[in-house]
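Got your viewer open and a selection box ready? Load the model below and follow along, one stop at a time.

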Amino acid sequence: MSGDPVTGYAVVVPTLARATLADCLAALAAATGPGPDEIVLVDDRPEPEADPRALEHPLTVLGDLRERTVVLRSGGRGPAAARNTGIRAVTAPWTAFLDDDVQVGPHWCDQLVQDLAEAAPDTGAVQGVIAVPLPGERRPTDWERGTAGLARAQWITADMAYRTDVLKQVHGFDERFPRAFREDADLALRVLDAGWRIRRGRRTTSHPVRDASRWASLKQQRGNADDALMRRLHGPDWWAKAVAPRGRIRRHAAITAAGLTALALAAAGRPRAAAVAGLGWAAGTAEFAWARIAPGPRTRDEVTTMLATSALIPPAATWYRLTGEWRHRGARAWREVAA
């Protein structure tokens, strides 16, 4: 047990009781070095559907750490709310967040304590180094490349340690972010705005690529609504502040507009103009599909998935962005909402 007033830490893991949780906790239990003062496992499955037996095996792999572990419920309100539930239970000076699909390195506890000991008084958080293992025998798929992007992402809570007092100072995560998307960047920007620094540590955590449906990239477009909230909270230049990729929302909107225009012109009995607009839609969709196909393995299954989803993503992204702009049009700072 660490117990040090400078480097004492708790680990908070929000979970949906996925199969990856047992490996996550087993890696934590096996890591060398001073263990966490406490582990807060936050079950975020909706209460009526939650089967407590789903956590029985993951808890057994903790070994001696089991007695320092508490399981809380957050009612299926998303990872931001789940982490806030965990924060309220933490008494250690540092709170280290892990996702339930990562595996810490063999010396993670030692390295984390070193990261925390080296943190300057004005350092509010220390980020871990994320490694995403990819197949070596072929090019990665679109989904695998997307997961690999986590290795370059700023401030992701897959492995992120914050001073507990800093988390409480900024009122924790903004619970209006319902997905595992942008809630970490929003928190970091508020911590930086409060005058704290965030630096990268040396500890390493592996983030394996989990299995996903061929339609996973389409489902991810819901995050465009979260981008609308980020814009409202942090201004139109939030992309630069968060060191986040700009994305394709403008191109998606243009492709969608071309497609809708083609349909409207065809309905109005203007076939030539409709054909021109249709060509614009087809060209934009083809460029998007090829941008995703070219760096990948180009198997039949991958190409088919890319073609299908590339036609559906632009309108889905545009729809979620517009609905997000409307939903969050009057969004106030989280401190005002949480107070």
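Start by selecting Val-126 and Ala-161: Ala-161, in strand E7, is the bridge partner of Val-126. Before going on, note that this is a predicted model, in which local features need pLDDT of at least 70 and side-chain atom pairs count only at pLDDT 80 or more, while totals for chains, interfaces and linings use all residues. Numbering runs from 1 along each chain as its sequence is written, and side-chain values use heavy atoms, with hydrogens and water left out. Helices (H or I, at least four residues) and strands (E, at least two) are DSSP runs, numbered from the N terminus.

**The sheet around E6**

Widen the selection to strands E6 and E7 (residues 159–163), which pair in the antiparallel sense over three bridges. Strands count as paired if DSSP finds at least two bridges between them. Now add strand E8 (residues 197–206): E6 and E8 run parallel, joined by seven bridges. Label Gln-127 here, and opposite you'll find Arg-200 in E8.

How many of the nine residues of strand E6 are buried? Seven are, so E6 (residues 123–131) is largely enclosed by the rest of the structure. Buried means under 20% relative accessible area, exposed over 50%, and partly exposed in between (1.4 Å probe, protein chains only).

Zoom out to take in the whole sheet. It is open, with eight strands in the order E3-E2-E1-E4-E7-E6-E8-E5 and mixed pairing. The edges are E3 (69–73) and E5 (103–104), each pairing on one side only. At the E3 end, five bridges join it to E2 (residues 38–43), and these two run parallel. Pick Asp-43 and look across to Arg-73 in E3.

**A helix across the strands**

Select helix H4 (residues 108–117), which lies across E1 (9–15), E4 (94–98), E5, E6, E7 and E8. Its direction is at about 170° to E8. Axes here are lines fitted to C-alpha atoms, for helices over the stretch in contact, with angles from 0 to 180 degrees between N-to-C directions. Contact means heavy atoms within 4.5 Å.

**Leu-21**

Jump to Leu-21, in helix H1 (residues 21–30). Leu-21 is buried, at 0% relative accessible area. Not counting residues up to four places away in sequence, Leu-21 touches Val-13, Thr-15, Leu-41, Leu-55, Pro-58 and Asp-100. Draw a C-alpha to C-alpha distance to Asp-99 as well: 8.6 Å in space, for a pair 78 residues apart in sequence.

**Asn-84 and His-171**

Next, show Asn-84 in helix H3 (residues 79–89). Is Asn-84 buried or exposed? Asn-84 is buried, with a relative accessible area of 5%. Leaving aside neighbours within four places in sequence, its contacts are His-171, Gly-172, Phe-173, Glu-175 and Trp-334.

Move along to His-171, in the loop between helix H6 (164–169) and H7. His-171 counts as partly exposed, at 35% relative accessibility. Check the backbone too: phi is positive, about 65°, although His-171 is not a glycine. Beyond four places in sequence, His-171 touches Asn-84, Trp-334, Arg-335 and Ala-338. Glu-336 is 165 residues away in sequence, but 9.5 Å from His-171 in space, C-alpha to C-alpha.

**Helix H7**

Continue to H7 (residues 183–193), a mostly covered helix with nine of its 11 residues buried. Among them are Glu-183, Asp-184, Asp-186 and Arg-190. After H7 comes Gly-195, with a positive phi near 100°.

**The second largest pocket**

For the last stop, select Thr-141, Trp-143, Ser-213, Arg-214 and Glu-302. Of the 17 residues lining the second largest pocket, these are the closest to its centre. H13 (300–327) is one of the elements giving two or more residues to the lining, along with H5 (142–148) and H8 (216–219). H13 gives the most, with four residues. The space in this pocket comes to about 260 Å³, where the volume is the space filled by probe spheres set on grid points joined across faces, edges and corners. On a 1 Å grid over the protein atoms alone, a pocket is an open set of points where a 1.4 Å probe fits, with protein on both sides within 12 Å along at least five of seven lines, and lining residues have an atom within 4 Å of a point.

Color the lining by residue class and you get four nonpolar, five polar and eight charged. Ala, Val, Leu, Ile, Met, Phe, Trp, Tyr, Cys and Pro count as nonpolar, Asp, Glu, Lys and Arg as charged, and the others, Gly among them, as polar.

Finish at Arg-298, in the loop between helix H12 (271–293) and H13. Arg-298 is partly exposed, at 43% relative accessible area, and its phi is positive, near 60°, in a residue other than glycine.
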